[in-house]
Each structure stands twice: as C-alpha cells, then as structure tokens.
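Thanks for coming. I have one structure to go through today, and I will take it a piece at a time. Please look at the sequence and the model first.

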Amino acid sequence: MTKTDNIIARALALYRSIPKPEKLDLFSEETRAWNKGDVEAQKLNLHIWNQDRWRDPFDENMYKFDNFIRYAALIVAALAFIFLVGSSAMAACPIRIRYFLVITAVCLTPTIMAIAYNLLMAQMAEKEIQTVAERGRVVEGEMELFVKAIPRKYLPDGVL
C-alpha cells in the first residue's frame, strides 16, 4: 500500500506541476499541456479512492473477528479448566468416549476458527496486495505516457 501510495503521490505532484496559463487558449501548447495534466490528476482520483477503500474494511473486520475469537477462547478455556478439575476430582468415575470427544471438539473450536480465519485473511490479503501492486504499475505507466506526451519545457526538472 505504501509503495503504491508513493507512486500515486508522485504522479499527482507531476500532473499538478504543469503551470496553469494566465489565459486559457484551446489552441495553445501551454493550455493543452495544463489541460492534460489536470485531466490526468482527476483520473488519478479514482486510483486514490480505490486505495482508500481497502484500508478500513480489512482493519474493522479483523478487529471484530479477533475480539470474537478472543472472548470465545477465554470462555472455552475456562470451561476446559472446569472440566479438567472436575475430571481430576472424579477420576474414579468413567466417562463415555463420545462425551470426551464432544467436549474436546468444543474446546478446540476457537483454535480451529482462528487458524481457518488466518488462512482466509492471508489469501485475501495476498490477492489485494497483487491488486494494489498492479494499480501502482498502471499509475507508473500512465505517468510515462504523460511525460512522453507533454513538451519538456512544461515538466519540472528531474522528471526525465
């Protein structure tokens, strides 16, 4: 995200660096250069919106689910501790295997959910990383085309 944010910021600075002519004349080179920079900067807003769109949902959803897993794990750990103490106190009493398996499955549920959730989030994050990186490559390509289309005298120093 940071790398693509930096590319977008560089592109926006480049597009906004073209000076606006005092008088807009549709047939002047200066007006065409400024207009192209302005149009590109406005198109870049879509990339900025796409970048910002992905920040909050992942953070908010991860936070909510992590809280759910935390409380579920605490409750199950307390129940498992009670069952452990109870089974130790009544060691002479036999326990049926199906009850043992059900209690074990219930106690392992938060751990299994956390592992599954982390695998799912890792896959989703990898997909979004690729999307964001592709967005950065697209913006870099747009900048290259922009630099080729604008006469050198309107570009800031160090761009070429």
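How far is the sulfur of cysteine 93 from the closest cysteine sulfur, and in which residue is that sulfur? Keep in mind that this is a predicted model. The partner to consider is cysteine 107, and its sulfur lies 19 Å from that of cysteine 93, too far for a bond. A disulfide is a covalent bond between the sulfur atoms of two cysteines. The cut-off used here is a pair of sulfur atoms within 2.5 Å. Starting from cysteine 107 gives the matching result, with cysteine 93 as the closest cysteine at 19 Å. A search of the whole structure finds zero disulfides. As for its surroundings, cysteine 107 is partly exposed, at 21% relative accessibility.

Next, the charged pairs. Side chains of opposite charge can pair when their charged atoms come close. The structure has six salt bridges, and I will go through some of them.

One of them joins arginine 10 to glutamate 140, with 3.9 Å between the closest N and O atoms. That pair links distant parts of the chain, since arginine 10 is in helix H1 and glutamate 140 is in helix H4, 130 residues apart. Arginine 10 is partly exposed at 47% relative accessibility, and glutamate 140 is partly exposed too, with a relative accessible area of 31%.

Another salt bridge is between the side chains of glutamate 29 and lysine 153, at 3.2 Å, N to O. Glutamate 29 belongs to helix H2 and lysine 153 to the segment after H4, so this pair ties together parts that are 124 residues apart in sequence. Is lysine 153 buried or exposed? Lysine 153 is exposed, with a relative accessible area of 63%, while glutamate 29 is partly exposed at 34%.

A further bridge sits within one helix. Glutamate 40 pairs with lysine 36, their closest N and O atoms being 3.9 Å apart. Both residues lie in helix H2, four residues apart, which is about one turn of the helix. Glutamate 40 counts as buried, at 9% relative accessibility, whereas lysine 36 is partly exposed at 32%. Lys43 comes in here as well: Lys36, Glu40 and Lys43 are linked in a network of salt bridges.

Staying with H2, this helix covers residues 29-53, which is 25 residues. From its first C-alpha to its last it reaches 37 Å, close to the 36 Å expected at 1.5 Å a residue. Its buried residues include Trp34, Leu44, His47 and Gln51.

Gln51 leads back to H1. Which residues is threonine 4 in contact with, leaving aside its neighbours within four places in sequence? They are Gln51, Val132, Ala133, Arg135 and Gly136. Threonine 4 lies in helix H1, residues 2-16, and is buried, with a relative accessible area of 5%. Of those contacts, alanine 133 is in helix H4, residues 97-149, and is partly exposed at 30%. Alanine 133 is 70 residues from tyrosine 63 in sequence and 25 Å from it in space, C-alpha to C-alpha.

Last, the surface. A nonpolar patch is formed by Ile75, Leu79, Phe81, Ile82, Phe83, Leu84 and Val85, with about 700 Å² of accessible area together. Valine 85, one of these, is found in helix H3, residues 55-89. Valine 85 counts as partly exposed, at 43% relative accessibility. That is what I had to show.

Technical notes. Residues are numbered from 1 along each chain as its sequence is written. This is a predicted model: local features need pLDDT of at least 70, side-chain atom pairs count only at pLDDT 80 or more; totals for chains, interfaces and linings use all residues. Side-chain values use heavy atoms; hydrogens and water are left out. Helices (H or I, at least four residues) and strands (E, at least two) are DSSP runs, numbered from the N terminus. Buried means under 20% relative accessible area, exposed over 50%, partly exposed in between (1.4 Å probe, protein chains only). Contact means heavy atoms within 4.5 Å. Patches are made of residues with over 30% relative accessible area and no salt bridge: like charges are joined within 9 Å, nonpolar side chains (Val, Leu, Ile, Met, Phe, Trp, Tyr) within 5 Å. Accessible areas come from the Shrake-Rupley method with a 1.4 Å probe; for residues, only the protein chains shown count as cover. A salt bridge is a side-chain nitrogen of Lys or Arg within 4 Å of a carboxyl oxygen of Asp or Glu. The expected span of a helix is 1.5 Å times one less than its number of residues.
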